[in-house]
Structures are given as structure tokens and as C-alpha cells.
There are 2 protein chains.
Amino acid sequence: MEEKVEQAYLYDFYGELLNEHQRRIYEDFIFHDLSLGEIASCEGISRQGVHDLIKRCNKLLAGYESKLHLVKKFLDAKRNVEKIHSLVKEFKKSQNEALIEEIEQISNQIIEEL
Amino acid sequence: MEEKVEQAYLYDFYGELLNEHQRRIYEDFIFHDLSLGEIASCEGISRQGVHDLIKRCNKLLAGYESKLHLVKKFLDAKRNVEKIHSLVKEFKKSQNEALIEEIEQISNQIIEEL
């Protein structure tokens, strides 16, 4: 996964465990694409301070994922539901009954894993 | 949801964020169904100490859920996949095409919400 996309996922799942100051700066960097210099001048802190804070947030968020694995769990489930979705579309075109069996199997697998 | 089932879900999701001591005692209480007195004598602490620790763990776990809502998100997705699973079974019996539309709709909804 591209690094910023991965950071965005981690933030989406665990961001509420950061404090407000960390969240504001992290969002500016990841979602609003501000540079370290821009954030530094907005916040009245040094460029190095912003850099360190973002590094610390990355470490905290990655630490939550390495303990809880919830981003992985949800992404796996999402990928499987997307597979079901495309099999349904295919079935509507082809009426191939084997696709229905596959949908049943995948839905079963998701339920077991969730 | 029954209280112990809810606590088990919360623990399953966020338990790794508790420390080892908390996890051991919480597991004895929730999963191994030991009484406060039994845990107290195993751990060499007071019954009140065990009681307070479990109360504190419940509060910590509930706090994570109130910030992250991941148990709710997961249970919603699971319920919807179970619905897909039963619609597939129904379709195999009835060959009713409307069920396929419903499966498509629900899978779409899950993807949007995950």
C-alpha cells in the first residue's frame, strides 16, 4: 500500500487515540497535504518539531495496528465483499450457477473471519 | 447484548491494549468464569483489588469503543454478510431474481460502510 494511503487508514481507525494537538497536525500533513514548513508557521513551532510529532504519530498508530490488527481484518473483509459484489454482477450477466456457490463460500468465509 | 458477551467482544478487539496483569485477571473473570475470590487467592491480592481491576478494565475497554466504534462497525458488517449468506441460500431454493438484486445492494452498502 502507498505510504500516505496506509497512514490515512491507520489514522481513520486509531486517530481518536491521539490527542487533539497531534490530530490537528497529522490531519494537516496527511489529508490537507500541507508541508512541514506550512504547518510549522501555522502552529508557531519549529519545522523539526512538526517532523518529530508526525514521526511520533506514525509510530503510535503503527503500534496500535501491530497490537490489534483491525485495519488488516477490515481490509480483508472489504476485499472479500468486493469480490461478492463483482460475482453478483457477473451472475446477472451469465446466470452461471457456479458463481452463486462461490458467493456462498466467500460469505461463509467472511463470517468466520470477522 | 448480554453484559459478559459485550465485555468479551470489547476484550477481543481492544484487550491487547491492556497490560499483561490486567489481561490475565480479566481473562480469568470473563472467559474462565473464575469468581473474584478465586482470582484473589490465585493472584495474592484482595477480593476488592480484583473487583477494582476488572472495573477499571471495563472502563478502559468501553473507552476505546466509545472513541473508535470498531466493535459496532464490525458487528454491523457481520450482520449484513450473514444476511447475504441467507439470501444466497434462499436464492438456491427459489431462483427468485429479486434476491440477487438484494445481495448486490447489501454488498454495496457494506463496501461503503467498511
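Reader: Does A:Lys92 count as buried, partly exposed or exposed, and what is its relative accessibility?

Author: In this predicted model, the class of a residue follows from its relative accessible area, with buried under 20% and exposed over 50%. A:Lys92 falls in between and counts as partly exposed, its relative accessibility being 33%.

Reader: Which residue forms a salt bridge with A:Lys92, and what is the closest N and O distance?

Author: Side chains of opposite charge can pair when their charged atoms come close. A:Lys92 lies in helix 5 of chain A and its partner in helix 6 of chain B, so the pair joins two chains. The partner, with a relative accessible area of 11%, is buried. The salt bridge is with B:Glu104, at 2.6 Å.

Reader: Which residue of chain A meets B:Lys92 in a salt bridge?

Author: B:Lys92 is partly exposed, with a relative accessible area of 34%. Its partner counts as buried at 12% relative accessibility. The side chains meet at 2.6 Å, N to O, and the partner is A:Glu104. This pair also crosses between chains, from helix 6 of chain A to helix 5 of chain B, starting at A:Glu104.

Reader: How many residues apart are B:Asp76 and B:Lys72?

Author: The two side chains meet in a salt bridge at 2.5 Å, N to O. B:Asp76 counts as partly exposed at 23% relative accessibility, and B:Lys72 likewise at 48%. Both lie in helix 5 of chain B, about one turn of the helix apart, which is 4 residues.

Reader: What is the count of salt bridges between chain B and chain A?

Author: Over all chains the structure holds 14 salt bridges. One between the chains links B:Glu104 to A:Lys89, with the closest N and O atoms 3.0 Å apart. Between chain B and chain A the count is 6.

Reader: Which helix of chain B gives the most to the side that touches chain A?

Author: There are 31 residues of chain B in contact with 31 residues of chain A. On the chain B side, 17 are nonpolar, 4 polar and 10 charged. Helices 1, 4, 5 and 6 of chain B each supply at least two residues. The most, 13 residues, comes from helix 5.

Reader: What relation do the two chains have?

Author: Chain B is superposed on chain A by a rotation of 180° with 0.1 Å of shift along its axis, at an RMSD of 0.2 Å. The same surface serves both copies, as 100% of the contact residues of chain B recur in chain A. The rotation and shift therefore give the relation of a two-fold axis.

Methods. Residues are numbered from 1 along each chain as its sequence is written. Chains are lettered from A and ligands numbered from 1 in the order in which they are written. This is a predicted model: local features need pLDDT of at least 70, side-chain atom pairs count only at pLDDT 80 or more; totals for chains, interfaces and linings use all residues. Side-chain values use heavy atoms; hydrogens and water are left out. Contact means heavy atoms within 4.5 Å. A salt bridge is a side-chain nitrogen of Lys or Arg within 4 Å of a carboxyl oxygen of Asp or Glu. Ala, Val, Leu, Ile, Met, Phe, Trp, Tyr, Cys and Pro count as nonpolar, Asp, Glu, Lys and Arg as charged, and the others, Gly among them, as polar. Copies are superposed by least squares on the C-alpha atoms of residues with pLDDT of at least 70 in both. Buried means under 20% relative accessible area, exposed over 50%, partly exposed in between (1.4 Å probe, protein chains only).
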